[in-house]
Amino acid sequence: MTAASSTIRWLSDCGNATRGIGAKAAGLGEMLALGLRVPPGFVVTQAAYDAFVQAPGLAEHVGEIATLGSDIGTRHDAASALRAHIEATAMPEGTAGEILGAYDELARLSGTADVEVAVRSSASAEDLPGASFAGQQDTYLGVRRDDLLDSVRRCWASLFSERAVAYRAEMGYPLAEVSIAVVVQKLVSARASGVMFTINPVSGNPFEIVIEANWGLGESVVSGLVVPDRFLVSKHSGELQRELGEKMQAAIAGPGGHSLVDLPPEQRSAFCLDDAELGELARLGRLIEDHYGEPRDVEWSVDENLPFPESVLLLQMRPVTTTGLKDVHRDPGKSTTDHILDLILARRFGSPTASDSAG
């Protein structure tokens with residue numbers, strides 16, 4: 001494995017005390033330090049992005065963003081122009097060489113010359129107290145060597161997406177005082193994926209683990225595209241409750257991203273996790289919560305090419321910042337993830353979800 005540099009850090013060298021890698025990469029490093037199973041990978045550090053945007057032409061656009069007022073149209077035009085410049089500007093040869101060199105090392109470690117990877121943002125503003133910047137930047141799946149540099153640049157550019165810039169403006173956060181790292185990991189051959197909450201976010205019950213799952217990649221669950229299978233696990237007794245979801249589609253990896261495919265009837269009507277996999281996920285969730293001393297939201301996947309329990313992999317985690325959804329009407333057609341989004345919108349924008357719909 002190549003040594004760490006100002007541009008590249010391996011996930012095994014990352015942790016909460018590591019600067020310049022963003023919250024997502026820090027969380028992955030912490031999980032590795034705990035001995036948990038995480039797909040191998042590396043981080044393109046914030047230092048690489050910071051140096052890149054100092055290039056002639058880019059620095060001026062970043063400066064323009066920093067001075068914008070509240071006019072939405074002007075802000076949108078400036079952000080669009082900056083994204084286009086970032087995506088069109090070539091990386092310095094040294095930075096590009098280090099990224100491709102790290103990819104080649106990851107391919108060697110994976111035993112695959114042209115290994116498929118997931119390219120995900122790890123921004124400096126993610127998961128700040130009182131704000132939720134996570135998920136506002138781009139993710140690219142099924143990326144190979146020839147497209148890696150373009151995917152990293154697009155992740156960088158997504159720091160100035162219309163949604164991300166508008167949210168920073170709304171929260172009173174400086175529009176340009178953010179940086180971004182990019183996580184590059186071996187792509188999981190996902191048979192099933194989803195999210196796990198080590199507290200029941202609907203009832204606020206701290207003695208229950210909630211697992212939501214679908215066939216394929218987790219994007220269909222995280223994005224609320226399906227009503228997933230839902231499992232409730234008691235931390236004390238291990239008692240398991242199951243609720244079959246309406247899994248009409250699944251997300252699969254494709255060039256630069258993911259696509260949705262229709263599921264056959266036999267998969268729609270079957271639970272996508274067995275008891276052993278659920279037990280292993282619950283065990284990992286308890287371990288993580290015990291380590292941090294607080295509830296965690298964990299994304300996970302089951303790799304169809306690995307034997308159990310090595311097949312159960314953790315993709316990222318963050319603190320659970322929203323609980324007590326017992327005050328929100330429980331719509332059986334919505335997943336836990338959707339209910340959390342409802343509560344966030346209700347608290348932020350005065351949506352009637354939390355009050356009117358309960359009557």
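Leaving aside neighbours within four places in sequence, which residues is Thr95 in contact with?

**Figure 1. Surroundings of Thr95 in a predicted model.** Thr95 is found in helix α5, which covers residues 93-110. Apart from neighbours within four places in sequence, Thr95 is in contact with Thr7 and Ala48. Thr95 counts as buried because its relative accessibility is 13%, below the limit of 20%.

**Figure 2. The protein chain as a whole.** The protein chain has 359 residues, and buried residues make up 51% of them. Eleven helices and 13 strands are present in the chain. Among contacts with a separation of 6 or more, 66% are between residues 24 or more positions apart.

**Figure 3. The aromatic pair Trp10 and Phe42.** Four aromatic pairs are found in a search of the whole structure. In the pair shown here, the ring centres of Trp10 and Phe42 are 5.5 Å apart and the ring planes stand at 65 degrees, so the pair is edge-to-face. Trp10 belongs to strand β1 (residues 8-10) and Phe42 to strand β2 (residues 41-44); the pair links distant parts of the chain, 32 residues apart. Trp10 is buried, with a relative accessible area of 1%, and Phe42 is buried too, with a value of 0%.

**Figure 4. The aromatic pair Phe52 and Trp156, with Tyr49.** The ring centres of Phe52 and Trp156 lie 4.8 Å apart, and their planes are at 40 degrees, so this pair is tilted. Phe52 sits in helix α2 (residues 46-52) and Trp156 in helix α6 (residues 145-157), so the pair links parts of the chain that are 104 residues apart. Phe52 is buried at a relative accessible area of 3%, and Trp156 counts as buried at 0%. Together with Tyr49, these two residues form one aromatic cluster.

**Figure 5. Two arginines over tyrosine rings.** Arg154 lies over the face of Tyr140, at 4.8 Å from the ring centre. In a second case, Arg296 lies over the face of Tyr292, and the distance to the ring centre is 3.9 Å. Tyr292 falls within helix α10 (residues 275-292), while Arg296 is one of the residues of β12.

**Figure 6. Helix α1 and its packing.** Helix α1 runs over residues 22-33, and its twelve residues should span 16 Å at 1.5 Å a residue; the end C-alpha atoms are 17 Å apart, which agrees. Nine of the twelve residues are buried, so that α1 is mostly covered. The buried residues are Gly22, Lys24, Ala25, Ala26, Gly27, Leu28, Gly29, Glu30 and Met31. They pack against β2, α2, β3 (117-123), β5 (180-186), α10 and β13. Just after α1, Gly35 has a positive phi of about 85 degrees.

**Figure 7. The six-stranded open sheet and helix α10.** The strands of this open sheet follow the order β9-β8-β7-β6-β12-β13, and their pairing is antiparallel. β9 (240-243) and β13 are the edge strands, each pairing on one side only. On average, neighbouring strands of the sheet are turned by 20 degrees against each other, direction ignored. Helix α10 lies across β6 (190-197), β7 (208-215), β8 (229-234), β9, β12 and β13. The helix runs at about 35 degrees to β13.

**Figure 8. Strand β12 between its two partners.** β12 is mostly covered, with eight of its eight residues buried. In a regular strand the side chains alternate between the two faces of the sheet. Here Arg296, Val298, Trp300 and Val302 point one way from β12, and Asp297, Glu299, Ser301 and Asp303 point the other way. Seven bridges join β12 to β13 in an antiparallel arrangement, and β6 and β12 also pair in the antiparallel sense over seven bridges. Glu299 has Gln316 as its bridge partner in β13, and Val195 stands opposite Glu299 as well. Val298 stands opposite Met317 in β13.

**Figure 9. A cis peptide bond beside β12.** Which form does the peptide bond from Phe308 to Pro309 take, cis or trans? The bond is cis, with omega near 5 degrees. Pro309 lies in the loop between β12 (296-303) and β13 (312-319).

Notes: Residues are numbered from 1 along each chain as its sequence is written. This is a predicted model: local features need pLDDT of at least 70, side-chain atom pairs count only at pLDDT 80 or more; totals for chains, interfaces and linings use all residues. Side-chain values use heavy atoms; hydrogens and water are left out. Rings of Phe, Tyr and Trp (its six-membered ring) pair if their centres lie within 6.5 Å; planes under 30 degrees apart count as stacked, over 60 as edge-to-face and the rest as tilted. Helices (H or I, at least four residues) and strands (E, at least two) are DSSP runs, numbered from the N terminus. Buried means under 20% relative accessible area, exposed over 50%, partly exposed in between (1.4 Å probe, protein chains only). A charge sits over a ring if NZ of Lys or CZ of Arg is within 6 Å of the ring centre and within 35 degrees of the ring normal. Two strands pair if DSSP finds at least two bridges between them. Axes are lines fitted to C-alpha atoms, for helices over the stretch in contact, and angles run from 0 to 180 degrees between N-to-C directions. Contact means heavy atoms within 4.5 Å. The expected span of a helix is 1.5 Å times one less than its number of residues.
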